[in-house]
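Visitor: Please give me a close look at a single part of this model. Then set that part in its wider context.

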Amino acid sequence: MNQKDNIEQIELKYLSLQDFEALKEVFVEIYGDAPDAYWRKDELKNLIDLFPTGQVVLTVNGDLAGCAFSIIVNSAKLERQHTYDDIVGDAKFKNHTAKGDMLYGIDILIKKEYRGLKLGRRLYDFRKELCEQLNLKGIVFGGRIPNYHKFSSEITPKEYISKVRSKEIHDPVLNFQLANDFRPVRILSNYLEGDSDSKEYAVWMQWDNIYYTKDSKQPSFQKTEVRLGLVQWQMRSYKTLEELLHQVEYFVESLSGYRSDFALFPEFFNAPLMSKYNHLSEPEAIRELAKYTEPIKQKMTELSIAYNINIISGSMPEVIDQDLYNVGYLCKRDGSVERYEKIHVTPDEAKVWGMQRGSQFKTFDTDCGKIGILICYDVEFPELSRILANEGMDILFVPFLTDTQNGFSRVKLCAQARAVENECYVAIAGSVGNLPKVHNMDIQYAQSAVFTPSDFAFPYDGIKAQTTPNTEMILIADVDLDALRELHNFGSVKNLKDRRKDVYELKRVKSPNL
């Protein structure tokens, strides 16, 4: 009976000297029974003593079916052109060092009768987990190309690899390694003496540990689990600036009480203060509102420190050299403050208020990764968020103000698209209610939300959390930045990596003509 037809148990365990005889059979089956085809017992003991957790075997129903051997090396001292014997060192494994930064795969063997069970993948997965646990940069090894001898008289090893990658040629070893997320780095010549099938060539294959962190004497305070707090703001009348700031502090205190890392306010959340200027024209009234921007910024800066939370001030009008802009401030909990502008103003903003277009947008470094901030209409222009994603943005914040479901849907659908195409989180926050005593700000419609990419590690519909429409409330959602790193490298699709930079490009204009 074929062993594969009656599998009761598959077990992964560390290699021990008791496995020597069974292991010898596997070596002989694959490499022949020459004296140097397998390691002696004392050589195997030396490897186990040097690095016990790097040597594992797989058993099927108690029978040894496969094995994997590895050591730790210093990548800086590893020669660009080296051989298998250089690594093994006459089975003394002299290149192994516990202070190294890279896992070197010596060999993976699967007994012939157990091939087809994907046992090799289990062994590769073990190596990856070990690499992450030991905080190593990655895994490297010299991979054989056993079918190259069939084409060696016609093409070079480089051409062979290219044809294997494009599926023109099948190579059982190289195909398997590529399928397990390893990438070719360079060709190694004279790698394994006697490997006639590969013409003694090998391919330096490498897998990168995306969780690797370089040792530093300075403690790192950047978080990977980030809690977002969104304010769905109710538009209501306020007689004074102090009344409005009291409501601002109420929300900041509430979000801080839930240990949120960010508090996001909507666009023009301070519009109720225009009610006292309703006797003026719309352009005059909003310029009066702009006089409150500086004291609101100062108060939010104080609150960010007092409540230990990064505050994104939504947006407010600001007058610079007689020109009116739609701007906001990132008030960090370390006391620093940074400014952002609305790049695209709506036709209504330009026509009714005389609002000018901004020109400055960038990513911001925070204690919770790199973030971007785009005000309302800006999220409907994918170029901006793609540039920010190119600069490392993890979370995009969008304060918005919409008066109809149509307007809200444009913001929502575009924000969701930005999350998918840029492999990032997007948080949107808007205002609800009405302001009958403020011209051009009569009604609002909003449903604040946090959007995610759409892959297995995220909600299927790309919605992490959302509020009840048109109801004053806060929304709190946790996002995992490490999940983004994994998505970038191992996602079902790779929107950022798969861009055709050979066909098109996107870049900033150094001196925009506004």
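Guide: What follows starts from one loop and its contacts, then moves on to charges, rings and backbone.

First, the ground rules. This is a predicted model, in which local features need pLDDT of at least 70, side-chain atom pairs count only at pLDDT 80 or more, and totals for chains, interfaces and linings use all residues. Residues are numbered from 1 along each chain as its sequence is written, and side-chain values use heavy atoms, leaving out hydrogens and water.

Now the loop. Tyr191 sits in the loop between strand 6 and strand 7. Helices (H or I, at least four residues) and strands (E, at least two) are DSSP runs, numbered from the N terminus. Tyr191 is buried, at a relative accessible area of 5%. Buried means under 20% relative accessible area, exposed over 50%, and partly exposed in between, with a 1.4 Å probe and protein chains only. The areas come from the Shrake-Rupley method with a 1.4 Å probe; for residues, only the protein chains shown count as cover. The C-alpha atoms of Tyr191 and Ala202 are 6.0 Å apart, with the two positions 11 residues apart along the chain.

Ser189 lies in the loop between strand 6 and strand 7. Ser189 is partly exposed, with a relative accessible area of 32%. Its C-alpha is 7.3 Å from that of Gln81, although Ser189 and Gln81 are 108 residues apart in sequence.

Which ring does Tyr191 pair with? The search of the whole structure gives 25 aromatic pairs. Among them, Tyr84 and Tyr191 make an edge-to-face pair, 6.2 Å centre to centre with 75° between the planes. For the cut-offs, rings of Phe, Tyr and Trp (its six-membered ring) pair if their centres lie within 6.5 Å; planes under 30 degrees apart count as stacked, over 60 as edge-to-face and the rest as tilted. Tyr84 lies in helix 3 and Tyr191 in the loop between strand 6 and strand 7, so the pair ties together parts that are 107 residues apart in sequence. Both Tyr84 and Tyr191 are buried.

Charge comes next. Glu79, Asp85, Asp86 and Glu193 form a negative surface patch. Patches take residues with over 30% relative accessible area and no salt bridge; like charges are joined within 9 Å, and nonpolar side chains (Val, Leu, Ile, Met, Phe, Trp, Tyr) within 5 Å. Lys and Arg count as positive and Asp and Glu as negative; His and the chain ends are not counted. Each charge is placed at NZ of Lys, CZ of Arg, CG of Asp or CD of Glu. Glu79 belongs to the loop between strand 3 (63-73) and helix 3 (84-88). Glu79 is exposed, at 55% relative accessible area.

Opposite charges are counted separately. The whole structure holds 28 salt bridges. Each is a side-chain nitrogen of Lys or Arg within 4 Å of a carboxyl oxygen of Asp or Glu. Asp181 and Lys128 meet in one, at 3.8 Å from N to O. Asp181 lies in the loop between helix 6 (172-179) and strand 6 (183-188) and Lys128 in helix 4 (residues 119-133), so the pair ties together parts that are 53 residues apart in sequence. Asp181 is partly exposed at 37%, whereas Lys128 is buried at 10%.

Lys45 also has a partner: Asp49, with the closest N and O atoms 2.8 Å apart. Both residues lie in helix 2 (residues 41-50), four residues apart, about one turn of the helix. Lys45 is partly exposed, at 40% relative accessible area. Glu338 and Lys332 form a salt bridge as well, 2.8 Å from N to O. Lys332 counts as buried, at 10% relative accessibility. Arg40, Asp42 and Glu43 are linked in a network of salt bridges.

Elsewhere, Trp233, Tyr238, Tyr250, Phe251, Phe265 and Phe269 form one aromatic cluster.

Two backbone angles close the tour. Asn61 has a positive phi of about 55° although it is not a glycine. Asn61 is in the loop between strand 2 (56-60) and strand 3, and is partly exposed at 33%. Lys118, also not a glycine, has a positive phi near 60°. Lys118 lies in the loop between strand 4 (102-110) and helix 4, and is exposed at 57%.
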